[in-house]
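Here are some worked exercises to go through with the model open in your viewer. Try each task before you read its solution.

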Amino acid sequence: TFVNRAYCSYFEASQNAILGTSFTDHMLDDDAASFLSQIAELTPEDPEVLVEVRSLARSEGVRWHRWTVVKIADADVDFPEYQAVGADITEDKLKDAALERSQLHLETMIASRTEQLSRSKATLQLEMEQHQQTAAVLRQEKELLRTILESVSEGLVSTDDLGRITGMNTPAEKIMGVVLRQVKGRELEPLLRPDCSQSSDAAGAPSPWFPDAQILVRPDGSRRLVTVEQNPVAPQDSLDVLRSVWVLKDVTAHAEMDRRLRLEQKLSALGRLASGVAHELNTPMQYIGDNISFLTKVWQEFTQGAYSTILNADGGVWQSLSQAEQRQLHYYSREVPVALKESLFGITHASEIIGALKEFAHPSQEQMAWVKVGRLINNALKLSRNEWKHFVDLDLNLALTYPRSFVQLARSNRCC
């Protein structure tokens, strides 16, 4: 019922000549039947379909077209009406056909090449089996040597005649903090050069028990105390040194144990000194606390007795005082009890700290004894309060009946 100019121009016919003819007249018979079958299935719910068909153009022969067909919803049920928009896709189809031919040709070439490779593989497989047998023997010998090297606790590093690393065992990798692939081919001596900037009192410093040990600085910045021994290896009946085997021994743990032992001795001496100081402070603090308690009691008796009499007496004692003296007397009656109470609190707190210090640093606590764990915790908190009071609010809720444990007091104090 309608065609545009492009349709008329493509099929080389006038609009009058085309109107009234069948839309499928230009299509090949098989494609026309398929086209009619697909548009017959269109419904109001699914009114659109995309169809590819072959058509016969006058001057160009058979061409491929892609039609988008839409069924008009309000068309007559007996004579439905459709609207179609199409495009020539012949070039795309020719390209697809050429691609399929190329793919088929490529698959044929691949199959041929695969067959050739299969024959070559069979030949190589036979040669590989022979090589594998030889390599298996070499691997066994190499594995045996590797097992021997890995079983020793010391690190072993081999170098060539220029001092470059050629191999090392796992203990050597752990001591140096590297793996073989990272350092293979590099000179060994720069890696073992001691850290001269390290102070003698820092962690990892040389120990008097290992005077020949040196500090090894690993790539991650950590330090290990090691002893190093070089063993030149020369061919038999020759004085020329071709390579060396270096033996590395990590003595860090032994040196650390020695350092801790010396530190523990220092702390023990400091503990005895602290215990003595605490004992000397305890007596004057007790005097001060008793005196403040006495002053508090006396002040209470004064305020309840003489001061109360002055305030309530009918005589002229209170009236004989100036206003400044009366205000000062009121100020004393109000502030002196507060000052005495705060002083008593401070003295009590100081006495508790001194008591905790005496228990914590007592020199005769190496024996085993039953102790209250909660008391140890309380002492540790009192002595360390200055370290945490600005950062946390501590709500300590220990049971009234502390659990008891049979421990060595000195060690339990250090743990707390």
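Two strands count as paired if DSSP finds at least two bridges between them. Please keep in mind that this is a predicted model.

**Warm-up**

Task: find how many helices and strands the protein chain has, and what share of its residues is buried.

Solution. Start with the elements: the protein chain contains 13 helices and 10 strands. Next, take burial, where the cut-off is under 20% relative accessible area. By that cut-off, 21% of the 416 residues of the protein chain count as buried. Finally, look at the contacts with a separation of 6 or more: residues 24 or more positions apart account for 47% of them.

**Exercise 1: the sheet of three strands**

Task: work out the strand order of the open sheet that three strands form, and say which strands stand at its edges.

Solution. Step one is the order, which reads E1-E2-E3, with antiparallel pairing. Step two is to count partners: strand E1 (48–57) and strand E3 (82–88) each have a single partner strand, so one side of each is left without a neighbour in the sheet. Step three is the geometry, and here the twist averages 30° from one strand to the next.

Now check the pairings one at a time. E1 and E2 are joined in the antiparallel sense by 10 bridges. In this pairing, serine 55 has arginine 63 in E2 as its bridge partner. On to the other pairing: strand E2 (residues 61–71) meets E3, again antiparallel, over seven bridges. Two positions let you check the register: threonine 68 is opposite valine 85 in E3, and lysine 71 is opposite tyrosine 82 in E3.

**Exercise 2: helices on that sheet**

Task: describe how helix H3 and helix H4 are placed relative to E1, E2 and E3.

Solution. Begin with helix H3 (residues 29–40), which lies across E1, E2 and E3 and runs at about 160° to E1. Then turn to helix H4 (residues 90–151): this helix packs on the sheet and touches E1, E2 and E3, while its direction makes about 115° with that of E2.

**Exercise 3: the sheet of five strands**

Task: trace the order of the open sheet of five strands, then check the register around E4.

Solution. First, the order is E5-E4-E8-E7-E6, and the pairing is antiparallel. Its edge strands are E5 and strand E6 (214–217), each of which pairs on one side only. The twist here averages 40° from one strand to the next.

Second, follow E4 to strand E8 (residues 243–250): the two run antiparallel and are joined by five bridges. Glycine 155 has leucine 248 in E8 as its bridge partner, and leucine 156 stands opposite valine 247 in E8.

Third, follow E4 to strand E5 (residues 165–168), where three bridges make an antiparallel pairing. Serine 158 faces glycine 167 in E5 across this pairing. E4 and E5 form a hairpin with five residues between them, and glycine 163 in the turn has a positive phi of about 80°.

Fourth, sort the residues of strand E4 (residues 155–159) by face. Gly155, Val157 and Thr159 make up the covered face, and Leu156 and Ser158 the uncovered one.

**Exercise 4: pocket and cavity**

Task: characterise the largest pocket and the largest cavity by volume and lining.

Solution. A useful reminder first: rolling a probe the size of a water molecule over the atoms shows where empty space is left.

The largest pocket comes to about 1000 Å³. It is lined by 34 residues, of which Phe2, Val3, Phe23, Tyr82 and Ala84 are the closest to its centre. Helix H1 (5–10), H3, E2 and E3 are the elements that give two or more residues to this lining, and E3 gives the most, with seven. By class, the pocket lining divides into 21 nonpolar, 10 polar and three charged residues.

Now the enclosed space. The structure holds one cavity of 30 Å³ or more, and the largest cavity has a volume of about 30 Å³. Its lining consists of Tyr7, Phe11, Phe23, His26, Met27, Ser55 and Trp67. These residues divide into five nonpolar, two polar and no charged.

Conventions: Residues numbered from 1 in each chain as written. Predicted model: local features only at pLDDT ≥ 70, side-chain atom pairs only at ≥ 80, totals over all residues. Heavy atoms only, no water. Helix = DSSP H or I, 4+ residues; strand = E, 2+ residues; numbered from the N terminus. Axes fitted to C-alpha atoms, helices over the stretch in contact; angles between N-to-C directions. Contact = heavy atoms within 4.5 Å. Buried < 20%, exposed > 50% of the residue type's maximum accessible area, 1.4 Å probe, protein only. 1 Å grid on protein atoms, 1.4 Å probe; cavity = no way out; pocket = protein on both sides within 12 Å on 5 of 7 lines; lining within 4 Å. Points joined across faces, edges and corners; volume = space filled by probe spheres on them. Nonpolar A, V, L, I, M, F, W, Y, C, P; charged D, E, K, R; others polar.
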